[in-house]
Amino acid sequence: MNRPLTPNDMSSFWMPFTPNRDFAADPRLVVAADGMHYTSSDGRQIIDGAAGLWCVNAGHNSPRIVEAVKKQVSTLDYAPHFNFGTPQAYELSARLAALFPAGLEHVFFTNSGSESVDTALKIALHYHRMRGDAARTRLIGRERGYHGVGFGGISVGGMVKNRMHFGTMLAGVDHIRHTHDPERNAFSRGCPEHGAEFADDLIRLAELHDPSTIAAVIVEPMAGSTGVLLPPKGYLQRLREICDRYGILLIFDEVITAYGRLGKASAAEKFGVTPDIITTAKGLTNGTIPMGAVMVSEKIYDSAMENADAPIELFHGYTYSAHPIATAAALATLETYREDQLFERADALAPVWEDLVHGLKGLPHVKDLRNLGLVAAIELESREGAVGARATEAMKAAWAKGLMVRVTGDTIALSPPLIVTEAQIAEIFDILSGILRDLA
Ligand SMILES: Cc1ncc(COP(=O)(O)O)c(C=O)c1O
């Protein structure tokens, strides 16, 4: 029997990655958004220091995207892409192929970053098997990596809390070491100098397991969710070389870094390193409608077509792969990025951003500052026995002062929409420096 409904009862919604009980006691509710700002339920303007969750790169309520979604929903609300097609899906695929580095010519559509990761891992396994190299089943991730919350993603992921409660996960997974080295690299501006040799940890695993058993290695070119860990100079190039030496596929998880966050269409482009597969989501549709896209190399796609053992070449897909409304949102988003030159804008603003990030050096509790493109991490000293408490308090104080930021552990992560102005960047750091001065 239905219980009577209690308006505003907060217990039914089990909130994701949130301390539910704490939140219910002091909720932060958003009711509208436009451009760089949210409107809170108590009518305040809150500047978005996180582009939602690293996704609203063109800012909120972006007119071209909103119009495209409205038009699409009343023209073709849904069509399946199993055995049928829509013209927009082909158009979007071609545009994405042109946007990402040459050689990544094929696109598989998903609905989220987690699904993009699972798709990439499955395509990697499938590739080796179809080539008759079926012993290559081992997947390698990296400590402190975040690859979403599917069983594939948490298996290759390396954030302990995301793994420890969920059983044994995928078999045959191993991890290379993370790249964080604060002793040598704290307060680096941009990518740190030291640590390219951490890539050699893949050699250790290749020698341990034998390279002939390893299908793929997956890394975030810039690890975002674990607290913004940047690749040491030369690290990604070295990883590519080792993968080539051993016949291991290289997957870049670019769910955060693609679509302008680092001032280029992709981290692959920024660092001049082309992996075999790139996973994306988030900024693909500006966060308006869920969608992910996995960019796949010519060699992998061609192999699937040539070596298929059944008319269907890949037994994988989602009801909503290439959903027409998401596709319309993505096409309008890419057009907005291009027309408004938002990747170039992020690139041009990065030095201003970097100066203000590092201007926080010397404030109380600031243990490290990291930046790249329009991303920053402010790592704070943890309180004794209460990891995360200090940054969470900073996040709540920021909300009270009209700024939304993201925290992970005791790191405050910043990633504003790419439409942010210099004045708004100054405002963000002004609010934060005030908070850091007052924080216990
Ligand atoms: C690198 C990376 N991979 C995967 C994901 C998961 O994406 P989603 O939350 O859309 O499943 C994220 C989300 O932050 C991410 O940063």
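**Exercise 1. Find which residue stands opposite Ala377, and describe the surroundings of strand S12.**

Solution.
Step 1. Ala377 of S12 stands opposite Ala413 in S15. Strands (E, at least two residues) and helices (H or I, at least four residues) are DSSP runs, numbered from the N terminus.
Step 2. S12 and S15 (residues 411–414) pair in the antiparallel sense over 4 bridges; two strands pair if DSSP finds at least two bridges between them.
Step 3. S11 is joined to S12 by 6 bridges, and the two run antiparallel. Here Glu379 is the bridge partner of Asp368.
Step 4. S11 and S12 form a hairpin with 2 residues between them, and Gly373 in the turn has a positive phi of about 50°.
Step 5. Val375, Ala377 and Glu379 point one way from S12, while Ala376, Ile378 and Leu380 point the other way. Because 6 of the 6 residues of S12 are buried, S12 is largely enclosed by the rest of the structure. A residue is buried if 20 or more other C-beta atoms lie within 10 Å of its own, exposed if 12 or fewer, and partly exposed in between, with C-beta atoms placed from the backbone.

The model is predicted: local features need pLDDT of at least 70, side-chain atom pairs count only at pLDDT 80 or more, and totals for chains, interfaces and linings use all residues. Residues are numbered from 1 along each chain as its sequence is written.

**Exercise 2. State where helix H14 bends and what covers its buried residues.**

Solution.
Step 1. H14 (residues 342–358) has 17 residues and reaches 24 Å from its first C-alpha to its last, close to the 24 Å expected at 1.5 Å a residue. The expected span is 1.5 Å times one less than the number of residues.
Step 2. At Ala350 the helix H14 bends by about 40°, and Pro351 follows within four residues. The bend is the angle between axes fitted to the seven residues ending at a residue and the seven starting there.
Step 3. Leu342, Phe343, Ala346, Trp353, Leu356 and Val357 are buried in H14.
Step 4. The cover over the buried residues of H14 includes helix H13 (324–339), strand S11 (366–372), strand S12 (375–380) and helix H16 (422–438).

**Exercise 3. Describe the shell around the ligand and the helix that gives the most to this shell.**

Solution.
Step 1. The ligand is surrounded by 14 residues, and the closest are Ser112, Gly113, Ser114, Gly148 and Val255. A residue is near a molecule or strand if its C-beta atom, placed from the backbone, lies within 6 Å of it.
Step 2. The shell divides into 5 nonpolar, 7 polar and 2 charged residues. Ala, Val, Leu, Ile, Met, Phe, Trp, Tyr, Cys and Pro count as nonpolar, Asp, Glu, Lys and Arg as charged, and the others, Gly among them, as polar.
Step 3. H5 (residues 113–130) gives the most to the shell, with 3 residues.
Step 4. Of the 18 residues of H5, 13 are buried. Gly132, whose phi is positive, near 80°, follows H5.

**Exercise 4. Is Gly153 buried or exposed, and which residues is Gly153 in contact with?**

Solution.
Step 1. Gly153 is found in helix H6 (residues 151–156).
Step 2. Gly153 is buried because 29 other C-beta atoms lie within 10 Å.
Step 3. Leaving aside neighbours within four places in sequence, Gly153 is in contact with Ser114, Val117, Asp118, His147 and Gly148. Contact requires C-beta atoms, placed from the backbone, within 7 Å.

Terms used
Contact = placed C-beta atoms within 7 Å.
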